[in-house]
Amino acid sequence: VVAQAVRMKNKMSGLLMEVGAEYNKQQLHGKKYFTELMGNLEDVPESVKDLLRLSRGALEMFEATQRQLLDRLRKEPRLVERVAVLESIRGVGEVTALTWALEICDPQRFRSIADAESYCGLTSALDCSADKQYRRPISKQRNGHLQTVLIEAAKLAPRWNPQLAQVHERELERGNRNRATLAVARKLVAYLLAVDKSGQPFRIRNQPAPTTEVATAA
């Protein structure tokens with residue numbers, strides 16, 4: 001649903017660029033701004049305006065569907081409790097937590113972090129030749145939906161999570177931004193799996209424990 005909404009947003013931007021119309025990219029998808037923009041478009045074919053209105057209608061439908069889905073999921077007691085624990089990881093929001101819980105199902109089925117990383121499509125085969133090592137492209141044998149959500153989360157999570165920020169900076173120093181994002185995504189999997197298995201809020205290992213028992217992760 002989110003992917004379809006993004007496609008509609010891109011389509012609207014593309015149509016406006018094709019006809020050379022000026023618009024505010026940040027405000028384009030606001031209802032009030034879009035209405036005003038449509039009223040001010042001059043020398044734009046009616047067919048293009050119709051396509052813009054159609055795309056806008058589709059966008060609103062997808063966004064409404066997303067809200068309805070989230071509202072329904074928030075009413076499942078066991079899922080709500082599980083998501084609340086997962087959200088104790090700084091940088092993990094509701095959509096990431098819900099996606100993890102629904103796609104992973106039972107976290108106990110993963111014997112190791114490596115197994116979970118592989119399922120999420122965040123690992124690749126390691127080749128060794130002489131004194132050199134290199135990794136092949138990430139395998140396509142994975143949960144593609146969960147992979148996409150984790151990668152997107154990894155791009156933003158370092159802003160709110162100091163530990164993930166350190167992981168990102170360390171990898172970034174090696175000169176590859178994509179690898180830095182991938183490293184953060186893998187660390188997220190380690191945190192999510194530890195918390196999900198324990199059912200306890202997240203804390204960094206060696207950090208003084210609060211009055212209630214909590215989960216730990218490296």
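Does Y119 count as buried, partly exposed or exposed, and at what relative accessibility? In this predicted model, Y119 counts as partly exposed, with a relative accessibility of 25%. That residue is a handy place to return to once the overall fold has been laid out.

The chain comprises nine helices and four strands. Followed along the sequence, these elements come in the order α-α-α-α-α-α-β-β-α-α-α-β-β. Of its 218 residues, 37% count as buried. The exposed surface of the chain amounts to about 13800 Å², and 49% of that area is supplied by carbon and sulfur atoms. Among contacts with a separation of 6 or more, 52% are between residues 24 or more positions apart.

Helix α4 offers a clear view of how one element is placed in the fold. Within this helix, which spans residues 77-86, the buried residues are L79, R82, V83, V85 and L86. These residues lie on the same side of α4, because the arc they cover around the axis is only 160°. P77 and E81 are exposed and sit on the face of α4 turned away from the buried side. The cover over the buried residues of α4 includes α3 (46-73), α5 (94-104) and α9 (177-198).

Helix α3 also holds R56. This arginine is buried, its relative accessible area being 7%. Since the cut-off for buried is under 20%, R56 falls within that class at 7%. Beyond its neighbours within four places in sequence, R56 is in contact with M12, L28, H29, G30, K31 and F34. With F34 there is a further detail: the charged end of R56 sits over the ring, 5.6 Å from its centre.

Now for the aromatic rings, of which two pairs are counted. In one, F110 and Y119 have ring centres 5.4 Å apart and planes at 55°, so the pair is tilted. F110 counts as buried at 6% relative accessibility, whereas its partner Y119, as noted, is partly exposed at 25%. The other pair joins Y191 and F202, with ring centres 4.6 Å apart and planes at 50°, so this pair is tilted too. Y191 belongs to helix α9 and F202 to strand β3 (residues 202-204), so the pair ties together parts 11 residues apart in sequence. Both partners count as buried: Y191 has a relative accessibility of 3%, and F202 one of 14%.

Finally, Y119 takes part in one more arrangement, in which R109 lies over the face of its ring at 4.8 Å from the ring centre.

Technical notes: Residues are numbered from 1 along each chain as its sequence is written. This is a predicted model: local features need pLDDT of at least 70, side-chain atom pairs count only at pLDDT 80 or more; totals for chains, interfaces and linings use all residues. Side-chain values use heavy atoms; hydrogens and water are left out. Buried means under 20% relative accessible area, exposed over 50%, partly exposed in between (1.4 Å probe, protein chains only). Helices (H or I, at least four residues) and strands (E, at least two) are DSSP runs, numbered from the N terminus. The arc is that of the directions from the helix axis to the C-beta atoms. Contact means heavy atoms within 4.5 Å. Accessible areas come from the Shrake-Rupley method with a 1.4 Å probe; for residues, only the protein chains shown count as cover. Rings of Phe, Tyr and Trp (its six-membered ring) pair if their centres lie within 6.5 Å; planes under 30 degrees apart count as stacked, over 60 as edge-to-face and the rest as tilted. A charge sits over a ring if NZ of Lys or CZ of Arg is within 6 Å of the ring centre and within 35 degrees of the ring normal.
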